[in-house]
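Reader: Could you walk me through this one, and show me how each label is earned?

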Amino acid sequence: MTFPAVRSLSLAFICINILIVSVDAASFVLRNVASTNGHYFSNNSHLTQRSISSYTSHHMQRGDDTPAECESDSPVRKRTTRREAVISAVGSALGVTVAGLVAPVDPVWAATRKCSDIESCREIGERKIAEDMVLNPTIKLANGVRYKVTKPPVVKKSDKDQSASAVKMGSVVDVIYSASLPGAGYLYSKGMGFEKISSGQNDLGLDSLRVVVGKRDVPQGIEEALIGMQRGERRRVELPPAVGFETSDWRPSPENKQAENRLLGYRRMLEGNGPSNPPFAAVTVWDIEVLKVRNS
């Protein structure tokens with residue numbers, strides 16, 4: 001017999017042995033699962049009957065219809081899953097316990113795990129939003145301006161009267177800010193470090209804007225949103241166009257050509273550009289933070 005023929009017969013013999021072992025292992029696993037689940041359901045049936053009897057006698061003694069939790073002294077066997085049965089079968093074949101095959105769950109990981117599926121993640125997200133709305137509500141002013149505190153103020157222990165360090169009409173305030181359109185993108189900023197010097201934009205986060213509240217250095221709605229702010233506090237402000245750039249003669253002014261073009265595009269949006277582009281009263285969204293407050 002030639003060598004290739006011998007090699008073919010050897011490979012066929014090995015494959016047949018592997019198939020036989022696989023069939024035996026599958027039969028063992030299926031028998032294990034069937035016997036385990038059958039025992040579980042029979043046990044559960046006995047537990048259900050006993051729970052109903054305990055429930056009925058408990059309510060007859062109480063004499064009311066108030067639902068109560070059924071109790072039973074018989075132990076409840078945990079249902080063995082198919083995965084556990086397979087692990088048990090492999091462990092029996094290898095002489096290893098199930099505990100040795102299954103990696104222990106890290107309690108720190110289990111405690112920090114937020115959610116396991118889309119529904120639980122959505123519920124956690126909705127709960128956090130509801131809690132945030134209660135603890136940090138959105139404030140609406142009479143002129144239509146809305147704002148929300150996104151960063152609390154820096155309060156020193158030596159500041160006994162916090163109202164004395166808060167922004168009021170006539171205060172000199174150093175601020176950093178960014179202005180954008182909701183869903184349409186960034187306009188320009190100062191002190192936030194959003195812009196890149198490589199593209200000709202110069203907001204590296206090193207400068208700030210000095211504002212005298214009441215002098216219209218910034219739009220009227222921003223001045224009103226500044227009232228009450230303290231050092232280190234940041235607010236996100238939704239600014240309607242009625243109390244927006246037009247009230248401050250389009251100040252603060254952009255400091256580069258790209259920002260000027262973006263602001264010009266917003267101005268055309270407000271004014272309209274022909275019959276195909278009618279005027280649209282788009283709000284702007286500002287993130288503004290107070291760095292220093294001086295009150296005379």
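Author: Sure, let's start with helix H7: its 15 residues should span 21 Å at 1.5 Å a residue, and the end C-alpha atoms are 21 Å apart, so the two agree. The expected span is 1.5 Å times one less than the number of residues. A word on the source: this is a predicted model, where local features need pLDDT of at least 70 and side-chain atom pairs count only at pLDDT 80 or more, while totals for chains, interfaces and linings use all residues. Residues are numbered from 1 along each chain as its sequence is written, and side-chain values use heavy atoms, with hydrogens and water left out.

Reader: What makes H7 a helix here?

Author: Helices are DSSP runs of H or I with at least four residues, and strands are runs of E with at least two, numbered from the N terminus. H7 covers 257-271.

Reader: How do you know that the buried residues of H7 are on the same side?

Author: Ala259, Leu263, Tyr266 and Leu270 are the buried ones in H7. They cover an arc of only 55° around the axis, so they sit on the same side of H7; the arc is taken over the directions from the helix axis to the C-beta atoms. An α-helix has 3.6 residues a turn, so residues three or four places apart point the same way. Their cover includes strands S3, S4 and S7, where contact means heavy atoms within 4.5 Å.

Reader: Why is Lys190 called buried, and what about Glu255?

Author: Buried means under 20% relative accessible area, exposed over 50%, and partly exposed in between (1.4 Å probe, protein chains only). Lys190 has 12%, so buried it is; Glu255 has 46%, so it counts as partly exposed.

Reader: What makes Lys190 and Glu255 a salt bridge?

Author: A salt bridge needs a side-chain nitrogen of Lys or Arg within 4 Å of a carboxyl oxygen of Asp or Glu. These side chains meet at 2.6 Å, N to O, which passes. The pair links distant parts of the chain, 65 residues apart: Lys190 is in strand S4, and Glu255 is in the loop between strand S6 and H7.

Reader: Which salt bridge does Arg267 form?

Author: Arg267 pairs with Glu271, with the closest N and O atoms 3.3 Å apart. Both lie in H7, 4 residues apart, about one turn of the helix. At 34% relative accessibility, Arg267 is partly exposed.

Reader: How many salt bridges does the structure hold?

Author: There are 12.
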